[in-house]
Amino acid sequence: MKKTVSLLLALLMALSLVGCAESLQQIEIPPFPEVTPTPGPIETNAQTPEPTQEVLPATQVGAEIPVASPVPTEEPGNAILVNIGRTSLQNYDPAEGQELILDFSYDMPRVIYENDLIVAQEVNEVLATIEEAFYSGQNYGLKQEFFGYNTMLESAEDNFTYVREYQAEGMPLEFSDALSAQIQRLDENILSIRYSDANFTGGAHGNYSQFAYTFDMSTGQILTLDRLSSDYDALADFLVQSMLEQAERDEDGYYSEKLVDDFLPAGGREEAFRNLLREGSWYFDREGLMFFSNLYELGPYAAGITEFRIPYALLEGKIEPRFLFPGDRTGKGRLTVDLLSNQEGGELPIVDKLVVSEDGQELCLMAEGEIYDVRICSVYYVDKFYENEQLWCASSLKNCALQLQAVVPEGLPDLLITYYTADGERHGKLLSQSGADGSFMLVDDNIEAVG
């Protein structure tokens with residue numbers, strides 16, 4: 001396929017010309033197994049392998065990112081696409097193979113940026129290293145610590161043996177570890193990804209943590225705090241003061257529930273907030289610059305993770321202008337949906353394919369005009385629709401289409417597509433099907449379930 005071959009060749013050439021991202025220059029990437037890539041769609045749920053205690057093949061740095069047919073008739077240009085696949089490994093008890101003892105999974109974001117393949121390769125190399133670290137339990141120079149698949153499996157099997165041997169009633173048999181990725185900001189300047197790691201290895205409750213990576217999309221390198229401003233010391237003082245003011249205002253009682261003096265360092269809130277100015281504990285989103293704590297850092301487990309958002313309006317003049325949220329967007333577009341078969345031979349080029357279910361309908365999401373910050377995620381309904389897993393993102397779409405293969409349920413929708421127009425208005429659309437004529441449609445996400 002045109003896109004697959006060009007992207008693979010560019011990535012292989014890039015590997016011989018450029019190094020890892022700036023802050024990963026000292027990381028020794030582990031050897032990966034040789035494979036023969038097979039073109040095909042990026043799937044959101046990988047097939048679960050048979051239970052095994054051997055090391056399974058992990059994500060490959062620089063591996064091919066397959067894109068399914070039909071081949072695009074036009075390149076997406078400046079649009080940056082992120083397709084989020086998922087690997088899921090499930091293991092059952094070593095005795096009868098009936099009891100699930102380990103559920104291990106991780107998201108695999110992959111960047112497609114045909115306007116700059118070298119930038120895409122730089123970012124994807126870091127993302128693949130994160131996945132390999134999560135799978136193997138080796139940190140490869142990263143600041144995050146993970147259990148790793150083999151350690152989790154060994155612990156789960158030991159736990160199963162103990163529970164069965166001593167007939168320990170009430171002890172759970174299933175251990176789990178899941179790494180999920182959420183795109184927080186995606187445009188021609190910034191890509192910010194927040195990761196959440198939730199694991200359970202017995203005890204009263206599970207544990208979870210968050211970390212984030214932000215990339216400078218002009219180079220593909222990791223963006224560090226000290227590169228946001230030419231005067232970092234002044235920026236740091238400003239950020240700490242902003243956090244202190246937010247905590248003092250305590251809107252809706254948020255910080256009075258989160259901050260407990262007994263957990264703070266000797267320097268009190270000022271020292272605690274300054275400690276948050278570290279790599280991995282910040283990212284950009286649509287509203288501003290976000291900082292977050294670790295569990296137990298500012299309060300007890302029940303208080304959870306504490307967050308501070310510094311709005312872009314306050315960051316003007318404090319950080320480099322290109323890191324502020326883009327304000328020069330123009331045009332007004334909209335998104336529609338139809339059967340793919342109805343669009344064959346149409347004028348809109350298809351830029352990517354997202355497979356949610358191989359048994360699903362072949363659909364076409366069409367951007368008429370230009371739209372921004374396009375995201376597709378799974379949703380569930382409890383008094384309203386809540387976002388679950390992110391599946392696909394695009395910085396923008398202009399007069400083009402996304403091929404989507406998904407099952408559209410007869411009841412409540414389970415896929416949400418959000419996008420923004422140039423005026424900053426958010427549009428949330430649920431993928432549904434008409435009960436009258438069976439046609440596919442996008443309905444507003446503020447609908448309420450009845451019956």
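Me: So a polar contact is a pair of N or O atoms within 3.5 Å, and within protein one must be able to donate a hydrogen and the other to accept it. Which side chain does threonine 214 make one with?

Reply: Serine 192. The two side chains make a polar contact of 2.6 Å. Keep in mind that this is a predicted model.

Me: Where does threonine 214 sit?

Reply: In strand 5, residues 207-216.

Me: Buried or exposed?

Reply: Buried. Threonine 214 has a relative accessible area of 2%, and the cut-off for buried is under 20%.

Me: What is threonine 214 in contact with, leaving aside neighbours within four places in sequence?

Reply: Nine residues come up in three runs. One run is Ile190, Leu191 and Ser192. Another is Gln221, Ile222 and Leu223. Then there are Trp282, Tyr283 and Phe284.

Me: Let's zoom out. How many helices and strands are there in the chain?

Reply: The protein chain has 7 helices and 16 strands. It has 451 residues, and 51% of them count as buried.

Me: What share of the contacts join residues at least 24 apart?

Reply: 68%. That is among contacts between residues at least 6 apart in sequence.

Me: Give me an example of a pair like that. How far is cysteine 393 from isoleucine 183?

Reply: They are 210 residues apart along the chain, yet their C-alpha atoms are separated by 7.6 Å. Cysteine 393 touches Ile183, so the pair is in contact too, with heavy atoms within 4.5 Å.

Me: What else does cysteine 393 touch?

Reply: Not counting residues up to four places away in sequence, Ile80, Leu81, Val82, Leu186, Val374 and Arg375 are also on the list. Cysteine 393 is in strand 13. It is buried, at 1% relative accessible area.

Me: New topic: the second largest pocket. How much space lies in it?

Reply: About 490 Å³. It is lined by 20 residues, and the closest to its centre are Gln182, Gln184, Arg375, Glu387 and Gln390.

Me: Which elements give two or more residues to that lining?

Reply: Strand 3 (175-186), strand 9 (307-311), strand 12 (361-381), strand 13 (385-406) and strand 14 (415-420).

Me: How does the lining split by class?

Reply: There are 10 charged, 6 nonpolar and 4 polar residues.

Me: Speaking of charge, what about arginine 86? Which side chains does it make polar contacts with?

Reply: Two acidic partners turn up. The side chain of aspartate 107 is joined to arginine 86 at 2.7 Å. The side chain of glutamate 389 makes a polar contact with it at 3.1 Å.

Me: And is arginine 86 buried or exposed?

Reply: Buried, with a relative accessible area of 14%. Its place is in strand 1, residues 81-92.

Me: Helices now. Which residues are buried in helix 6?

Reply: Gly268, Ala272 and Phe273 are buried in helix 6, which spans residues 268-275. They cover an arc of only 125 degrees around the axis, so they lie on the same side of helix 6.

Me: What do those buried residues pack against?

Reply: Helix 4 (232-249) and strand 9.

Me: Strand 9 again. What does proline 311 in that strand touch?

Reply: Glu287 and Gly288, not counting residues up to four places away in sequence. Proline 311 lies in strand 9 and is partly exposed, at 33% relative accessible area.

Me: Last one. Which residues have a positive phi without being glycine?

Reply: Glutamine 167, at about 50 degrees, is one of them. Aspartate 252, near 60 degrees, is another. Most residues other than glycine have a negative phi.

Me: Where are they found?

Reply: Both are in loops. Glutamine 167 is between helix 3 (149-166) and strand 3. Aspartate 252 is between helix 4 and helix 5 (254-258).

Me: Buried or exposed?

Reply: Exposed. Glutamine 167 has a relative accessible area of 66%. For aspartate 252 the value is 81%.

Key:
Residues are numbered from 1 along each chain as its sequence is written. This is a predicted model: local features need pLDDT of at least 70, side-chain atom pairs count only at pLDDT 80 or more; totals for chains, interfaces and linings use all residues. Side-chain values use heavy atoms; hydrogens and water are left out. On a 1 Å grid over the protein atoms alone, a cavity is a set of points where a 1.4 Å probe fits but cannot get out, and a pocket is an open set with protein on both sides within 12 Å along at least five of seven lines; lining residues have an atom within 4 Å of a point. Grid points are joined across faces, edges and corners, and a volume is the space filled by probe spheres set on the points. Helices (H or I, at least four residues) and strands (E, at least two) are DSSP runs, numbered from the N terminus. Ala, Val, Leu, Ile, Met, Phe, Trp, Tyr, Cys and Pro count as nonpolar, Asp, Glu, Lys and Arg as charged, and the others, Gly among them, as polar. Buried means under 20% relative accessible area, exposed over 50%, partly exposed in between (1.4 Å probe, protein chains only). The arc is that of the directions from the helix axis to the C-beta atoms.
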